[in-house]
Amino acid sequence: MKKYNVAVVGATGMVGNKFLEVLTEKQLPVENYYLFASAKSAGKVIDFMGKPHEIIELSEKNIEGKNIDIALFSAGGDVSKQFAPIFAKHGILVVDNSSAWRRDPEVPLVVPECNAEDIKWHKNIIANPNCSTIQAMVVLKPLHEAFKIKRVIYSTYQAVSGAGVKGFNDLKGGICGEAPQKFPYPIFGNCIPHIDVFMDNGYTKEEDKMIFETKKILNDQSIKVTATCVRVPVYFGHSESINIEFEKACTPEQVKEILANAEGVVVQDDVKNNVYPMALTAENKNEVFVGRIRRDDTVENGINLWCVADNIRKGAATNAVQIAEKAIALDAIKGKI
């Protein structure tokens, strides 16, 4: 079996650490791993795959000569805009976790359970969707295929880790009465209906991302999508209330059956015994959990459901590693284009 050389860019961050954890579990056919981070982390040694790896400063000079095939990026949008094209120029497939490339029509936006075939047309950059979009797509794609989605209303309840270490620390410190450093208001004992910056239309960029990415991933611009995204005092795990209107008639029982057989989905729906998805039980899992599946009687073909996933794992690291895994399986590591 052919073996590949893989770079992890942003290896010392919260998502970068999770990349390493997921890669250890997946055991992809990799000969060498190269761990990149900023100059302040360069030279630091971390244990990975049972041996020491020295952190390499991210620079074009340090990319050359390593015969890297795949680079997993989680270093922020500015770094991705600067360095993803450099890696791509060297024939390296970049899987980018930031928002830098998601809207580019020449860059596939991929959730492997939904649109893995889009990997084939990449030009050495593939975008990892927003964490809140990823978990929704794993649930909505099989339902769209069965009943054709007409309209989606998202209400999200997103963990502080989605805002990085500073967001995590705002909740941790807020418990002790410390002032917030990341969020505009205390998050402990509070919900903040404000994720990313506000736009002129009153939506936040997070909400706009979900609207745009849903249509791109499902490859259907006719779907009407709206969203309200809220930061909640939970460390890990995004929860979403999703209201769906379909073109075709369906029952909650049919929806449950389809999702029970869908890749990457676990149905937890036994309300008589208080069984439903929760952030606590989804933490550090790769699957998307769905429950509270019921009819919405205010429209002809409406369904309400509740879905939960670990935003750092499935919503970032696992999805990116799955993209790399699929690219290998599809023989879509193209080199210089």
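So, Tyr235: with a relative accessible area of 28%, this residue is partly exposed. Keep in mind that we're looking at a predicted model here. Where does Tyr235 sit? It's in the loop between β10 (224–231) and β11 (238–246).

Now, Tyr235 has a partner. Phe168 and Tyr235 make an aromatic pair, with 4.7 Å centre to centre and 40 degrees between the planes, so it counts as tilted, since stacked would need under 30 degrees and edge-to-face over 60. Phe168 belongs to helix α6 (residues 164–174), and the two partners are 67 residues apart, so this pair links distant parts of the chain.

Okay, let's widen the view. How many aromatic pairs does a search of the whole structure find? The count is 7. One of them is Tyr157 with Trp306, again tilted, at 5.5 Å centre to centre and 45 degrees between the planes. This one also links distant parts of the chain: Tyr157 is in strand β9 (residues 149–158), Trp306 is in strand β14 (residues 302–309), and they're 149 residues apart. As for exposure, Tyr157 comes out at 33% relative accessibility, so it counts as partly exposed. Trp306 is partly exposed too, with a relative accessible area of 23%.

There's also a little group of phenylalanines: Phe36, Phe73 and Phe87 are linked into a cluster by ring pairs.

Rings here have charged company as well. Take Tyr34: the charged end of Lys66 sits over its ring, 5.9 Å from the centre. And over the ring of Phe212 you'll find the charged end of Arg103, at 4.3 Å from the ring centre.

Let's move along to Glu213, which lies in helix α7 (residues 205–218). Is Glu213 buried or exposed? Its relative accessibility is 2%, and the cut-off for buried is under 20%, so Glu213 counts as buried. And what is it in contact with, leaving aside neighbours within four places in sequence? That would be Arg102, Leu109, Pro129, Asn130 and Thr133.

Last stop, His238, in strand β11. At 0% relative accessibility, His238 is buried. Its contacts, again leaving aside neighbours within four places in sequence, make quite a roll call: Cys131, Ser132 and Gln135, then Tyr157, Gln158, Ala159 and Gly162, then Arg231, and finally Cys307, Val308, Ala309 and Asn311. You'll recognise Tyr157 in there: besides touching His238, it's the ring that pairs with Trp306.

Notes. Residues numbered from 1 in each chain as written. Predicted model: local features only at pLDDT ≥ 70, side-chain atom pairs only at ≥ 80, totals over all residues. Heavy atoms only, no water. Phe/Tyr/Trp six-rings, centres within 6.5 Å; stacked < 30°, edge-to-face > 60°. Helix = DSSP H or I, 4+ residues; strand = E, 2+ residues; numbered from the N terminus. Buried < 20%, exposed > 50% of the residue type's maximum accessible area, 1.4 Å probe, protein only. Lys NZ or Arg CZ within 6 Å of the ring centre and 35° of its normal. Contact = heavy atoms within 4.5 Å.
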